[in-house]
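Me: I would like a close look at a single part of this model, the sheet and what surrounds it. Please take me through the strands and their pairing, and then through what packs and pairs around them.

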Amino acid sequence: MTAEEPDWEFKERDILILQELARDPQISSRNLTQVLAEKYDIDVSHVTVSESIREMRDAGVFREAIIPNEAYFIFALFEFKFNPEHFADEWRDAMEYIRNDENTLLYFLSDGEYQWKSVMMFPSRDAESQWIHEFYKEHGAVIDNLRNSVVTNVLKFGTNPELFDNLPQSD
């Protein structure tokens, strides 16, 4: 159920492409080629840049997602605490219900009492409340408690380009 680590050997150019895409996800391969030449003194064709992006995407080096502006949806953090009495029999159905739900943006496991967490998007507070109601009706036996927190302001959503400096480069 977890994503496999991509089989990719990073070249310096790959890391620079990822950094520039993080700065401007909408940059064209032609403009990115100019940035690589002007900023990093890397002479490469826009076709090569486009192929590198496609190959990294296909290899799973990065993911692309469409995230609507928060003005259109409300975001909420959901945290799920288990009822151990029913966990063995019912955990998979509940997990798949959350993972596959149209409102789920990000779903992950963590440690502590609340081991499943999800960031979800809803068109309204009423829709969020209705989702919680339906979830408890369907999977309440496995959940001891569901904490939900309203995300009131999204202050940052994006990857800092410098983070890619930590990727291992091939020789």
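Reply: In this predicted model, β2 is joined to strand β3, residues 114–122, by 5 bridges, and the two strands run antiparallel. Within that pairing, Leu106 stands opposite Val119 of β3, while Tyr107 stands opposite Ser118 of β3. The hairpin that β2 and β3 make has 4 residues between the strands, and in it Gly112 takes a positive phi near 95 degrees.

On β3 there is a further pairing to consider, since 8 bridges join β1 to β3, again in an antiparallel arrangement. Here Leu77 has Val119 in β3 as its bridge partner, and Val119 is also the residue that Leu106 stands opposite. As for cover, β3 is mostly shielded, with 8 of its 9 residues buried.

Taken as a whole, the sheet is open and is formed by 4 strands in the order β2-β3-β1-β4, with antiparallel pairing. The edges are held by β2 (104–109) and β4 (143–151), and because each of these has a single partner strand, one side of each is left without a neighbour in the sheet. From one strand to the next the twist averages 15 degrees.

One residue of the edge strand β2 is worth following in detail, namely Leu105, which has its place in that strand. Leu105 counts as partly exposed because its relative accessibility is 29%, a value that falls between the limits of under 20% for buried and over 50% for exposed. If its neighbours within four places in sequence are left aside, Leu105 is in contact with Ile67, Phe75, Val119, Met120 and Met121. The C-alpha atoms of Leu105 and Ala65 are separated by 9.2 Å, although these residues are 40 apart along the chain.

At the other edge, Val151 has its place in strand β4, and with a relative accessible area of 31% Val151 is partly exposed. Together with Ile67, Val154 and Phe157, Val151 forms a nonpolar patch on the surface, and these residues have about 310 Å² of accessible area together. Ile67 therefore appears twice in this account, in the patch with Val151 and among the contacts of Leu105, the latter being a residue that is partly exposed because of its 29% relative accessibility.

Two helices lie across the strands. Helix α4, residues 84–100, lies across β1 (74–82), β2 and β3, and runs at about 30 degrees to β3. Helix α5, residues 125–139, lies across β1, β3 and β4, and runs at about 170 degrees to β4. In helix α5 we find His139, which counts as buried because its relative accessibility is 6%. Apart from neighbours within four places in sequence, His139 is in contact with Asp93, Ala94 and Tyr97.

Charged side chains also connect strands of the sheet. Arg147 forms a salt bridge with Glu79, and the closest N and O atoms of the two are 3.1 Å apart. This pair links distant parts of the chain, with Arg147 in strand β4 and Glu79 in strand β1, 68 residues apart. The partners are covered to unlike extents: Arg147 is partly exposed, with a relative accessible area of 38%, whereas Glu79 is buried, with a relative accessible area of 10%.

Beyond the sheet, the whole structure holds 11 salt bridges. One of them joins the side chains of Glu162 and Arg23, at 3.5 Å from N to O. Because Glu162 lies in the segment after β4 and Arg23 in helix α1 (residues 12–23), this pair ties together parts that are 139 residues apart in sequence. Both members have some accessible area, Glu162 being partly exposed at 45% and Arg23 partly exposed at 40%. Another salt bridge is formed by Glu64 with Arg57, whose closest N and O atoms are 2.5 Å apart; Glu64 is exposed, with a relative accessible area of 55%, and Arg57 is partly exposed, with 34%.

Key:
Residues are numbered from 1 along each chain as its sequence is written. This is a predicted model: local features need pLDDT of at least 70, side-chain atom pairs count only at pLDDT 80 or more; totals for chains, interfaces and linings use all residues. Side-chain values use heavy atoms; hydrogens and water are left out. Two strands pair if DSSP finds at least two bridges between them. Axes are lines fitted to C-alpha atoms, for helices over the stretch in contact, and angles run from 0 to 180 degrees between N-to-C directions. Contact means heavy atoms within 4.5 Å. Patches are made of residues with over 30% relative accessible area and no salt bridge: like charges are joined within 9 Å, nonpolar side chains (Val, Leu, Ile, Met, Phe, Trp, Tyr) within 5 Å. Accessible areas come from the Shrake-Rupley method with a 1.4 Å probe; for residues, only the protein chains shown count as cover. A salt bridge is a side-chain nitrogen of Lys or Arg within 4 Å of a carboxyl oxygen of Asp or Glu. Buried means under 20% relative accessible area, exposed over 50%, partly exposed in between (1.4 Å probe, protein chains only).
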